[in-house]
Amino acid sequence: MSILENKIREYRHLFEEHSSKIKEKREVEELRQLFFGRKKGLLTLLFEELKTLPPEEKKAAGRALNEFKEEIQQQLVQLELKAKTVRPQEKIAEDLTLPGWKPYWGAPHPLTLFQLAIEKIFVSMGFTVEDGPEIETDYYNFEALNFPPHHPARDSWDTLYINDKLLLRTHTSPVQIRVMEKKKPPIRIIIPGKVFRRETADPTHLPMFYQVEGLVVDRGITFAHLKGTLEYFIKALFGEKIKLRFRPSFFPFTEPSAEVDIECIVCHGQDPACRVCGGSGWKEILGAGMVDPQVFKNVNIDPEKYSGWAFGLGIDRTAMFAYQIPEIRYFYENDLRFLRQFNRK
Ligand code: FA5
């Protein structure tokens, strides 16, 4: 029998001796450390020793060692199940006058709550929720959306490139293409998710933020459907009294295109130096438009038969207004005094 196999026998005894005395979970952990500790664990050292054996002994010894390792791991699981958790107080003496143990409950982040509120409104209108990858190809993020290489419209969507073809997606629009490649109309979806841009953070901009994309494709879809749906959605989110406006805009993948602004909830247009709206009284929350026929051709949908509309809304930006927060960066500072305000029970 090799030296290594002798050691296995010896350690098996040692393990049995220790395990027969165990009562508490803490002791199971100590025994686990004795055998599996990263530097000095008995089994860790045996595996080091295995590497030094001559090749003809290595195979049999390796098998024996692995079997032993599995045996011990299984026994540790059993011991863990049987052992008790002993709290420090129980060890001293029970003092019923001590304050109770207060559990700290986790809670959803305000942006998660807001995203769920958005999803609920669209699901109630018959939309389904889809998602897509955060690392995208140049094709899906740009080319299929009608941004040829070197097109100047790419400048405002600059991002981090992983290599020549892969990048961190700058918007949720690439998922439009992924969905249209797989599903044929009628399509009625929203796509929430994280997006990335080369941006300097300020009160209304972040280099990483969330968007929700919307896409409707069917026969006979018009701009009136886009306008009606977005108005219904924004009023469901902010209340009937919210003021909003559609402005003409440009996106390579929609024609015609528009942007939607809502009134600045921070200054209501009363502060010419407002850091949120710059004094204009309005702040853009989404881009939208009718799907460009070229985009339909890229996914083999016949633009003569089908039409559609799409939008992309900034979740963080819109949440600022919904919660009346003058600074988008608060969402990412993880200050519990800020976060707790959204989860009062
Ligand atoms: C887009 O990203 C287009 N994909 C939107 C679109 C989809 C148009 C479908 C047409 C059809 P834009 O870059 O404007 O567009 O961003 C959309 C929204 O994301 C903005 O209105 C804003 O609410 C939010 N947003 C944009 N940049 C930032 C930023 N740096 N930080 C926080 N929110 C931002």
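In the predicted model, residue H268 is located in the loop that links β7 to β8. Although H268 is not a glycine, its phi is positive, at about 50°. With a relative accessible area of 46%, H268 is classed as partly exposed, because that class covers the range between 20% and 50%. A second residue with this backbone feature is N146, a non-glycine residue whose phi is positive and near 75°. N146 occupies the loop between α7 (138-141) and β3 (166-168), and its relative accessibility of 24% makes N146 partly exposed. Most residues other than glycine have a negative phi, and most peptide bonds are trans.

Two cis peptide bonds are also described here. The bond from P185 to P186 is cis, with omega near 5°, and P186 is placed in the loop between α8 and β4. The bond joining E255 and P256 is likewise cis, with omega about -5°; P256, however, is found within a strand, β7.

The strands flanking the H268 loop belong to an open sheet. This sheet contains seven strands in the order β1-β4-β5-β9-β8-β7-β6, and its pairing is mixed. Its edge strands are β1 (128-129) and β6, each of which pairs on one side only. In general, the strands of a sheet pair through backbone hydrogen bonds, in either a parallel or an antiparallel arrangement.

At the β6 edge, strand β6 (residues 244-251) is joined to β7 by seven bridges, and the two strands run antiparallel. They form a hairpin, with two residues between the strands. Within this pair, P248 is positioned opposite A258 of β7. Strand β7 (residues 254-263), which contains the cis-linked P256, is mostly covered, with eight of its ten residues buried. Strand β7 also pairs with strand β8 (residues 282-291), again in the antiparallel sense, over eight bridges. In this pairing, D261 has E284 of β8 as its bridge partner.

Further along the sheet, β8 and β9 run antiparallel and are joined by five bridges. Here G287 stands opposite G312 of β9. Strand β9 (residues 307-314) is in turn paired with strand β5 (residues 208-218), in the antiparallel sense and over eight bridges. Two positions illustrate the register of β5 and β9: V216 stands opposite W309, and G214 has F311 as its bridge partner. Strand β9 is mostly covered, seven of its eight residues being buried.

Two helices pack on this sheet. Helix α6 (residues 110-124) touches β1, β4 (187-196), β5 and β9, and the direction of α6 makes about 165° with that of β4. Helix α8 (residues 174-182) touches β4, β5 and β9, and its direction makes about 140° with that of β4. The loop that follows, between α8 and β4, is the one that holds P186.

Helix packing was also examined outside the sheet. Two packed helices are described by the angle between their axes and the distance between the axes. For helix α3 (residues 42-51) and helix α4 (residues 55-82), the angle is about 165° and the axes are 10 Å apart. The two helices are therefore roughly antiparallel, since angles over 145 degrees are assigned to that class. Their crossing is left-handed. On the α3 side, the contact is made by L43, L46, F47, L50 and K51, and on the α4 side by K58, A61, G62, L65, N66, F68, K69 and I72. By residue class, the contact comprises eight nonpolar, two polar and three charged residues.

Residue I72 of α4 also appears in the surroundings of F15, a residue of helix α1 (residues 3-19). Beyond residues up to four places away in sequence, F15 touches L31, F35, I72, Q75, L76 and L79. The relative accessibility of F15 is 2%, so F15 counts as buried, the limit for that class being under 20%. F15 and R32 are separated by 17 residues in sequence, and their C-alpha atoms lie 9.8 Å apart in space.

Note on methods
Residues are numbered from 1 along each chain as its sequence is written. This is a predicted model: local features need pLDDT of at least 70, side-chain atom pairs count only at pLDDT 80 or more; totals for chains, interfaces and linings use all residues. Side-chain values use heavy atoms; hydrogens and water are left out. Axes are lines fitted to C-alpha atoms, for helices over the stretch in contact, and angles run from 0 to 180 degrees between N-to-C directions. Helices (H or I, at least four residues) and strands (E, at least two) are DSSP runs, numbered from the N terminus. Angles under 35 degrees count as roughly parallel, over 145 as roughly antiparallel, 65 to 115 as roughly perpendicular and the rest as oblique. A crossing is left-handed if the near helix is turned anticlockwise from the far one by less than a right angle, and right-handed if clockwise. Contact means heavy atoms within 4.5 Å. Ala, Val, Leu, Ile, Met, Phe, Trp, Tyr, Cys and Pro count as nonpolar, Asp, Glu, Lys and Arg as charged, and the others, Gly among them, as polar. Buried means under 20% relative accessible area, exposed over 50%, partly exposed in between (1.4 Å probe, protein chains only). Two strands pair if DSSP finds at least two bridges between them.
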